[in-house]
Amino acid sequence: ALRWGALDEIGTSATWLEAQIEEKVGPLNPSAGLAIGLRGLTEFRKQALADETFKFSTADETYDYFMDAIGADFVSKALHWGWECGFRPPADKWELLRSGDPNVARPGVSSSARNQVWELVIAALASTFATDVCFEEPDVCCSFEGKRVAIAAKVVYSEAKVPERILEGFSQADGKADASLVFLDVVKLYPQVDTFRLSHARRHRDGGQLLDMMVGSVNRWCERWDLAALGTKIGRRATQPVGVAFFVPMLLHVHDHPVPFFYTHMPLRWPGEGVDYAFTTAFLRACNQVLGYRSAERTVDE
């Protein structure tokens, strides 16, 4: 949906995540991407609850501020939600968050740590509706309604590499489980800043209409790859492919406010109404509900 949720939901998992990282691997590096994002998130929460006005010189400055904070909110809530569902990442996964740039919700420079954070987020989200989640080939495996599902989590930094990464993901997953899914973070590829600039210039008042426009925009954007032909090729090669999902997080200007729209699009889904369909539906639903997540326990001072 085109909203963060109620104001009192903003940043509710930030202190939890900082405490977990410090307990597992030591305090956050103050200059690290996540530390910067969490500070921005805390500041945003405080100002939003006080109904203060945010002022920025340019649309680009606005995008940078909010996507640092929103990305931190997304990562912290995904991990917190997974944790409350029993997900327990090993220490080396917590270490990934302590330095570098683990904000997978905005464009960033490719690194092994950043790419592994995407795997960590996928595993956490899978834990909210599946069982026996673990880090196994291709990246994450889990059980769902009697089936073992293998998930290849890819962060793509080049349009030319999209088909290659999809094929690579199914190749890595082949034979590892009963079904396979490739999940791509394409935030580096989709024109994030241009999209925000355009929505800011147009100052949309109808959130539902803008939502439909952006869904259509992403669908058209995906046409630059011949995914139907790619799907045929995958269907001949892969063992029980479930689908290919694209994670396209955006910041849009609606009702005079920047609003996150984290769209998870599945341009390829193989036919079927059974367990595979239920799994992909549950996964898409989990992705779309992260920013509105609120722990059952109080994690911030109201």
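This is a walk through helix packing, aromatic pairs and some backbone details in one predicted model.

Let us start with helix H4, residues 91-98, which has packing partners in both H1 and H5. Helix H1 covers residues 14-25, and its axis and that of H4 come within 9 Å, crossing at roughly 120 degrees. Angles of 65 to 115 degrees count as roughly perpendicular and those over 145 as roughly antiparallel, and H1 and H4 are therefore oblique to each other. The handedness of this crossing is left-handed. On the H1 side, the residues that take part are Trp16, Leu17, Gln20, Ile21, Lys24 and Val25, and they meet Ala91, Trp94, Glu95, Leu97 and Arg98 of H4. Sorted by class, this contact holds 7 nonpolar, 1 polar and 3 charged residues.

Now turn to the contact of H4 with H5, a helix that spans residues 112-126. Here the two helices pack at an angle of about 125 degrees, and their axes are 9 Å apart. That angle makes H4 oblique to H5. The crossing of H4 and H5 is left-handed. If you want to select the interface in your viewer, take Lys93, Leu96 and Leu97 from H4, together with Ala113, Gln116, Val117, Glu119 and Leu120 from H5. These residues divide into 5 nonpolar, 1 polar and 2 charged. Leu97 is worth a look in both views: it is among the H4 residues that meet H1, and it is also among those that meet H5.

Next come the aromatic rings. A pair of aromatic rings is described by the distance of the centres and the angle of the planes. With ring centres required to lie within 6.5 Å, the count comes to 30 aromatic pairs. Take Trp118 and Phe247 as one of them: their ring centres are 5.1 Å apart and their planes stand at 25 degrees, so the pair is stacked. This pair links distant parts of the chain, with Trp118 in helix H5 and Phe247 in strand E5 (residues 241-254), 129 residues apart. What about solvent access? Trp118 has a relative accessible area of 1% and is buried, and Phe247, at 0%, counts as buried too.

Phe129 and Phe283 give another geometry. Their ring centres are 5.4 Å apart with the planes at 75 degrees, so this pair is edge-to-face. It also links distant parts of the chain: Phe129 belongs to the loop between H5 and strand E1 (131-134), whereas Phe283 is in helix H10 (residues 275-289), and 154 residues separate them. Phe129 is partly exposed, with a relative accessible area of 21%, while Phe283 is buried at 1%. Both pairs belong to one aromatic cluster, formed by Phe74, Trp118, Phe129, Phe144, Phe183, Phe247, Phe262, Phe279 and Phe283.

Staying with helix H10, we can look at further residues there. Thr280 is found in this helix, and at 1% relative accessibility it counts as buried. Leaving aside neighbours within four places in sequence, Thr280 is in contact with Val242, Met266 and Arg269. Tyr277 lies in H10 as well, but this residue is partly exposed, with a relative accessible area of 33%. To get a feel for the span of the model, follow the C-alpha of Tyr277 to that of Phe56: the two atoms are separated by 44 Å, and the residues are 221 apart along the chain.

Finally, a few backbone details may catch your eye. Most residues other than glycine have a negative phi, and most peptide bonds are trans. The peptide bond from Glu137 to Pro138, however, is cis, with omega near 10 degrees. Pro138 sits in the loop between E1 and strand E2 (140-144). Asp132, in strand E1, has a positive phi near 50 degrees, and at 54% relative accessibility this residue counts as exposed. Glu145 likewise has a positive phi near 50 degrees. The place of Glu145 is the loop between E2 and strand E3 (147-155), and at 56% relative accessibility Glu145 counts as exposed.

Terms used. Residues numbered from 1 in each chain as written. Predicted model: local features only at pLDDT ≥ 70, side-chain atom pairs only at ≥ 80, totals over all residues. Heavy atoms only, no water. Axes fitted to C-alpha atoms, helices over the stretch in contact; angles between N-to-C directions. Helix = DSSP H or I, 4+ residues; strand = E, 2+ residues; numbered from the N terminus. Parallel < 35°, antiparallel > 145°, perpendicular 65-115°, else oblique. Left-handed = near helix turned anticlockwise from the far one by under 90°. Contact = heavy atoms within 4.5 Å. Nonpolar A, V, L, I, M, F, W, Y, C, P; charged D, E, K, R; others polar. Phe/Tyr/Trp six-rings, centres within 6.5 Å; stacked < 30°, edge-to-face > 60°. Buried < 20%, exposed > 50% of the residue type's maximum accessible area, 1.4 Å probe, protein only.
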